[in-house]
Amino acid sequence: MDPRRPPRTVIDPKVRQVGFFAAPEPIASSPPVSDISPSGNSLSPVMIPPPRHSSDAARPVLFSPVPPASPGRRDSLAPSDLFPASSPTASSPCADAECAFSPGRPLRSNSVRPAAAVTMSSSLPGRGFDLTAAVTASSVPATGLMKIPSGFSVKNAGKARNASVEVENEQGSNSKPLKEKTTKAERRAIQEAQRAAKAAAKGEGKAASVVSAAASASVNVKPHKATKAPTVAASEKKGGGGERPVEKERKKEVPPPRMQYDDTSRVEKAKRRSVVKQTEARNRVELFRHLPQYEHGTQLPDLESRFFQLDPVHPAVYKVGLQYLTGDISGGNARCVAMLQAFQEAIKDYSTPPEKNLSRDLTAKMSSYVSFLIECRPLSISMGNAFRFLKSRIAKLPLTLLESEAKASLQSDIEQFITEKIILADKVIVRHAVTKIRDGDVLLTYGSSTAVEMLLLHAHELGKQFRVVVVDSRPKLEGQRLLRRLVGKGISCTYTHINATSYIMHEVTRVFLGASSVLSNGAVYSRVGTASVAMVAHAFRVPVLVCCEAYKFHERVQLDSICSNELGDPDVISKVPGMEEINCLNNQANCGNLQPLNLIYDALPSDYVSMIITDYGMVPPTSVPVIVREYRREQLWM
Amino acid sequence: MAEVQALVNELATKLRKRKVEGSRETARLTAELLRTVISQQRVTSAALVEVVRDVGQQLIAANPVELAVGNIVRRVLRIIRDGDLSPEVGGLTLVSQGDDGDIVEEDDKPFLLSDAISQTILHPPSLVAQLESKPNLVCHFEGKAADKTPSSWQFKHQIIEGVNDLIEDINTCHELIADQSLELIHQNEVILTLGHSRTVKKFLYAAKEKKRSFQVYVAEGAPKHLGHVLANELTEKHLQTTVIPDSSVFAMISRVNMVIVGVHAVMANGGVIAPVGMNMVALAAKRHAVPFVVVGGTHKLCPLFPNNPEVLLNDMRCPSELLSFGDFSDCMDFSVGSGAALLHVVNPAFDYVPPELVSLFVTEIGGYHPSYIYRLISDYYSADDIVLQQKPAS
């Protein structure tokens with residue numbers, strides 16, 4: 001136990017206040033974001049407004065948090081492995097990502113918690129576990145719930161093998177809604193108490209601790225091979241019963257590793273399960289064997305022909321998937337909105353099969369949809385985040401809700417996510433960013449970003465006099481579409497290609513970039529070429545401003561663009577439109593020595609970024625983890 | 001002289017219309033033209049300098065960005081000046097008899113001779129000797145005297161020989177550069193290059209032929225996309241080649257061991273004029289501490305210092321390479337109150353890479369650091385020819 005930190009009550013702030021902390025309560029006192037005058041420079045350079053969606057407090061919070069992530073998830077092929085984008089944080093309550101492929105598995109194993117919590121709190125007198133207060137609304141998720149087993153598993157000691165079954169059975173009776181809150185200090189204290197308890201338990205018999213480990217594992221680990229898993233888990237964990245919870249806790253902090261496509265056995269497994277029959281590209285770049293690369297254009301006719309046979313996939317989802325596949329929908333926000341709307345449709349048409357739990361079945365269904373979408377195109381980080389949100393919502397549906405009510409609630413949740421996190425967020429970003437545009441500026445942008453486009457149009461509407469340089473690159477040439485729209489609105493534009501960036505940078509005063517995601521180390525994950533443009537801007541001392549909605553932030557870190565990326569169709573590289581005389585690559589394409597490489601994303605190092613403009617204000621890249629920590633928990637998973 | 005002028009005009013037209021591109025090709029054509037010009041001339045060295053300079057100015061005016069023209073003209077001038085001095089040493093009598101009494105010249109005489117001797121002994125001459133000597137004046141006074149003597153034929157023959165050597169140098173520089181490839185490329189090296197350069201191609205071929213196995217990333221080099229051509233040629237030699245779009249250069253450079261590129265011209269400060277996009281590659285290489293190696297023959301050495309090279313030493317290419325005309329025809333004539341067009345398309349041909357981003361120059365006479373380029377330039381060019389436009393007062 002930590003003697004220095006007095007036990008806190010629930011009313012205390014749930015996180016230590018470090019850095020940019022906006023107090024949650026005085027919402028009225030601080031200016032609402034919408035009041036910020038768009039033209040005036042009234043904004044302080046760095047400003048994080050308080051959470052705007054405090055209305056969430058009014059929404060009924062009846063459900064208890066979901067169980068935390070489990071260390072054993074690598075056993076199962078979780079969807080989170082497949083989409084590089086989403087990785088349930090350990091501390092995030094939506095950790096049942098790993099259950100995606102085991103529909104029969106009880107989802108709401110969180111309902112064991114009452115018993116466990118009681119055990120825990122009784123074993124830890126004086127640790128402020130105010131269970132009744134916990135029921136009241138609060139936005140901080142209880143995280144460290146992993147530590148149940150010390151008390152709990154002893155109770156189950158006799159049933160080591162069947163522990164998981166037991167736990168599942170229990171949940172029906174113990175479904176009393178409850179919300180727990182722990183501060184970090186408390187969690188640590190609990191951990192240490194458990195460790196002490198374990199050490200003591202070890203003395204009387206190692207069996208108990210083993211059992212506890214097994215029990216805890218089987219509560220939380222839901223490997224897709226349900227028959228084998230508990231024993232495996234038990235045998236695996238025999239070694240270190242004592243330090244188990246600590247390790248788990250630590251593991252929860254790191255996002256799970258992604259699916260690595262150079263691991264043949266896993267790829268085989270994934271293939272067997274897949275709906276879209278992808279053919280592996282023949283000629284792959286050695287450096288990128290860990291990323292999926294498929295022949296493009298081969299699977300589409302097949303999918304189209306099977307449109308009416310694929311009953312597991314909802315038509316709306318199916319349609320969106322095909323649109324991803326063909327590239328009709330691209331761009332982080334557009335893809336995310338399309339996915340969410342398809343899910344909304346799917347939820348509308350959903351009806352719980354008899355003798356099944358709505359939330360459990362629906363989550364499984366959603367996960368299967370997502371894995372279908374991943375097969376069409378790997379999810380972007382923003383989509384992963386959105387899906388995490390949806391899953392946490394489903395998981396937290398109170399059991400007492402009628403099916404129609406639950407569906408309505410989920411649909412409105414999705415609607416709210418789209419409006420608040422994407423549409424409103426963009427508006428706020430534009431309001432912030434427009435203060436950085438002065439008359440006479442020359443603004444450079446790369447590719448086509450919706451946020452930047454909105455910003456430019458808004459600034460133009462405000463009557464600011466500026467010029468835009470649109471930098472573009474092959475193979476997508478998204479900039480041309482942006483250029484057309486901007487010129488159509490009467491904005492003076494200069495168009496050039498990425499190689500000429502250093503020529504044009506002399507006259508540029510600001511660089512505005514969009515982003516696919518902002519990672520916790522400040523790296524900006526964006527369309528390929530962004531890093532080059534930012535690098536040149538940095539060399540010419542031009543400020544680089546990145547516009548990115550906060551829902552795209554992610555706690556993963558990345559140093560280069562190679563470890564995690566997406567590979568596009570390599571053939572478009574070798575075909576240069578309008579230059580047939582040099583398209584001699586085509587006849588050589590079968591030659592094993594020549595490989596076109598089409599990367600989609602780029603990790604832009606944080607030292608090239610001057611400022612990141614989000615819906616929470618304008619922050620330096622070093623503050624990204626602060627936003628991820630402070631706002632993610634409160635807003636996304638309350 | 002008319003037929004010579006026709007030839008000059010022909011090349012000038014080609015240059016102006018950018019029919020001749022690539023510094024090597026331009027250099028070769030220029031040298032051959034100058035050889036013809038010299039062989040047609042029946043005048044002595046002083047007049048020859050003037051004639052060559054005139055032709056050079058016409059060619060440079062035709063394409064001021066093609067620095068190789070100026071380089072070759074200067075090289076030829078240097079050959080003329082050198083050839084001019086050597087008979088002088090051989091026949092001291094010739095000089096003294098021709099010199100009919102300018103007092104100012106008298107003072108310079110001993111000085112000149114010693115310089116001439118030192119120059120022939122140390123070939124190429126030192127910078128100091130070049131700066132102190134006054135070959136222009138020598139030419140003038142000697143020109144009058146040496147006319148129609150047997151030595152003038154010998155002298156012209158020498159010059160023609162010199163120009164032939166120069167042409168030969170230009171033709172063979174690839175092989176000489178390629179010979180050094182083994183010293184720079186190790187086994188399993190990963191090399192990145194941008195666009196297409198014949199020198200780079202030969203360089204890589206040479207390493208491959210000597211059984212080095214390595215991997216090449218070729219950035220396609222918009223807007224010309226000549227990287228595809230290079231990639232094809234490399235694949236024919238069974239080199240492991242990966243084509244990447246220019247935008248992926250930053251992503252890939254962290255896994256690259258060396259950047260080898262060909263350039264358009266090397267400036268006196270060690271900076272290079274290169275195909276567009278090179279500055280980006282060089283910056284990325286600098287960021288990841290990847291050596292940035294420039295290969296190129298000495299005919300690319302330009303004795304000028306760059307001043308605002310992005311603008312002054314650049315070519316603007318056709319916008320249709322970026323936007324097809326049909327697509328944006330409705331936007332092109334869109335204009336606001338000021339009457340200015342809303343849409344501009346910028347398509348420069350060249351990029352300037354400052355010397356601090358270049359790690360090494362590999363020329364046919366060896367590898368050099370950018371800071372040493374000034375010395376090579378003083379070896380190859382006469383100090384009087386550096387500014388070609390400025391005509392002597394006489």
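Author: Hi! Before we start: contact here means heavy atoms within 4.5 Å. Also, the model we have is predicted.

Reader: Thanks! So how many residues of chain B are in contact with chain A, and how many of chain A with chain B?

Author: On the chain B side there are 55 residues, and they touch 59 residues of chain A.

Reader: And what area do the two chains bury between them?

Author: About 4,800 Å², with 62% of it on carbon and sulfur atoms. B:Ser247, B:Phe250 and B:Met280 provide 13% of the area that chain B buries against chain A, more than any other three residues.

Reader: Cool. Changing topic: which domains does chain B have?

Author: The domain assignment gives domain 1 (2-85 + 151-173), domain 2 (92-141) and domain 3 (179-314 + 349-385).

Reader: How far apart are the centres of domain 1 and domain 3 of chain B?

Author: Taken over C-alpha atoms, those centres are separated by 27 Å. Domain 1 of chain B brings 19 residues to the contact and domain 3 of chain B brings 26. Between them they bury about 1,900 Å², 57% of it on carbon and sulfur atoms.

Reader: Now helices! At what angle do H13 and H15 of chain A pack?

Author: Helix H13 (residues 332-348) and helix H15 (residues 381-395) of chain A pack at about 30°, with axes 9 Å apart. Angles under 35 degrees count as roughly parallel, so H13(A) is roughly parallel to H15(A).

Reader: Is the crossing left-handed or right-handed?

Author: H13(A) passes H15(A) in a right-handed crossing. The residues of that contact are nine nonpolar, two polar and one charged.

Reader: Which residues meet there?

Author: Among them are A:Met339 and A:Phe343 in H13(A), and A:Ala386 and A:Leu390 in H15(A).

How values were computed: Residues numbered from 1 in each chain as written. Chains lettered and ligands numbered in written order. Predicted model: local features only at pLDDT ≥ 70, side-chain atom pairs only at ≥ 80, totals over all residues. Heavy atoms only, no water. Axes fitted to C-alpha atoms, helices over the stretch in contact; angles between N-to-C directions. Helix = DSSP H or I, 4+ residues; strand = E, 2+ residues; numbered from the N terminus. Parallel < 35°, antiparallel > 145°, perpendicular 65-115°, else oblique. Left-handed = near helix turned anticlockwise from the far one by under 90°. Nonpolar A, V, L, I, M, F, W, Y, C, P; charged D, E, K, R; others polar. Domains from an automatic or database assignment. Buried area = accessible area lost by both parts, 1.4 Å probe.
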